[in-house]
Amino acid sequence: MTESAHGWSRRDLLRRGALVVTGAAAGAGVTDVWLTHRRLPLAGGPASATVGNGPQDVGAGAVPVIWSGSTTQRLVALTFDDGPAPRWTPMVLDTLAQHRVPATFFLVGAQVRKHADLVRDRLATHEVGNHSWAHRDLAQLDAAEAYDDLHRSHDAIADVTGRPPRLVRPPYGHLGGAVLHAAARLNYRLVLWSSQMVEREFPDDPAGHARRIVAGVRPGTIVLGHDVGDRRRLVALHGLPDMIAGLRARGYTFVTVSALLAPGVAPTPTG
């Protein structure tokens, strides 16, 4: 069944037309015709950032959404999603330790519970963020489900690392009202990215991939990487030393996301 430009099906339009005609014929004096379809609940569904008609339990009452840091300083934040996992997380941590680079790890709660030994006592120089409990698309959940998922992951990360996360990155970068509502309840900053490792474009070419990332970084860039996944992503991880060296050669300093967003970081002029 096709839909019009406003998202209404032919059946919806015919039904609304019939209601207006019927009302007029009966002398009902139709005064309001709602021109919105009701496929989603008006409050409480995945699209809504409100729950019901009562007071909204949303912590401090706001949730910042961040793609990059606003700074003129040559600062860059490396971030790694989806871990921890035995195959790659230790390799990433070893590389970062060897080159004395801090990073931000957006951890999956179920993975943290399963592989606590991989991150316990190894994240002292790094930052941790919440990346959901089991990497479900939170933008398809209602507000209660999204909150329960993030809260469960929050507790797991805090228990294992000793630090409650203050940042969240929803899986796939998908946002919805329910995600924003849940993030606000947990007093999170919601962090996306402004540069992404593109491993599929550089098969078997770690150095080429590193050059691509280095060339694209600007002051305040947040780089998305992964320490879990299929073997194609190893191109980025094998090229991580070249990426670090290349960015340092351009005068960049590596910081965690929270350090990048700190008040002391000079803002980028907008005039």
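A residue is called buried here when its relative accessible area is under 20%, and this word will guide the first stop in what is a predicted model.

Begin by selecting strand β2, residues 75-81, where seven of the seven residues are buried, so that the strand is largely enclosed by the rest of the structure. If you colour its two faces separately, you will find L75, A77, T79 and D81 on one side and V76, L78 and F80 on the other, with both faces covered.

Next, add the strands that pair with β2. Strand β8, residues 221-226, runs parallel to β2 and is joined to it by six bridges, and in this pairing V76 stands opposite T221. Strand β9, residues 253-254, is also parallel to β2 and is joined to it by two bridges, with F254 as the bridge partner of V76. Then select strand β3, residues 104-107, which is parallel to β2 and linked to it by three bridges; here F80 stands opposite F105. To follow the chain from β2 to β3, trace it through helix α2, residues 89-98, in a β-α-β crossover that is right-handed.

Now move to G176, which is placed in the loop between β5 (167-168) and α6 (177-185). Because its relative accessibility is 14%, G176 counts as buried. Beyond its neighbours within four places in sequence, G176 is in contact with P46 and A139, and its C-alpha atom is separated by 7.3 Å from that of S48, although the two residues are 128 residues apart along the chain.

Finish at the largest pocket, whose volume is about 300 Å³. Select Q196, E199, L224, H226 and R233, which lie nearest its centre among the 20 lining residues; the lining divides into six nonpolar, five polar and nine charged residues.

Terms used
Residues are numbered from 1 along each chain as its sequence is written. This is a predicted model: local features need pLDDT of at least 70, side-chain atom pairs count only at pLDDT 80 or more; totals for chains, interfaces and linings use all residues. Side-chain values use heavy atoms; hydrogens and water are left out. Helices (H or I, at least four residues) and strands (E, at least two) are DSSP runs, numbered from the N terminus. Buried means under 20% relative accessible area, exposed over 50%, partly exposed in between (1.4 Å probe, protein chains only). Contact means heavy atoms within 4.5 Å. On a 1 Å grid over the protein atoms alone, a cavity is a set of points where a 1.4 Å probe fits but cannot get out, and a pocket is an open set with protein on both sides within 12 Å along at least five of seven lines; lining residues have an atom within 4 Å of a point. Grid points are joined across faces, edges and corners, and a volume is the space filled by probe spheres set on the points. Ala, Val, Leu, Ile, Met, Phe, Trp, Tyr, Cys and Pro count as nonpolar, Asp, Glu, Lys and Arg as charged, and the others, Gly among them, as polar. Two strands pair if DSSP finds at least two bridges between them. A crossover is right-handed if, with the strands pointing away from the viewer, the path from the first strand over the helix to the second runs clockwise.
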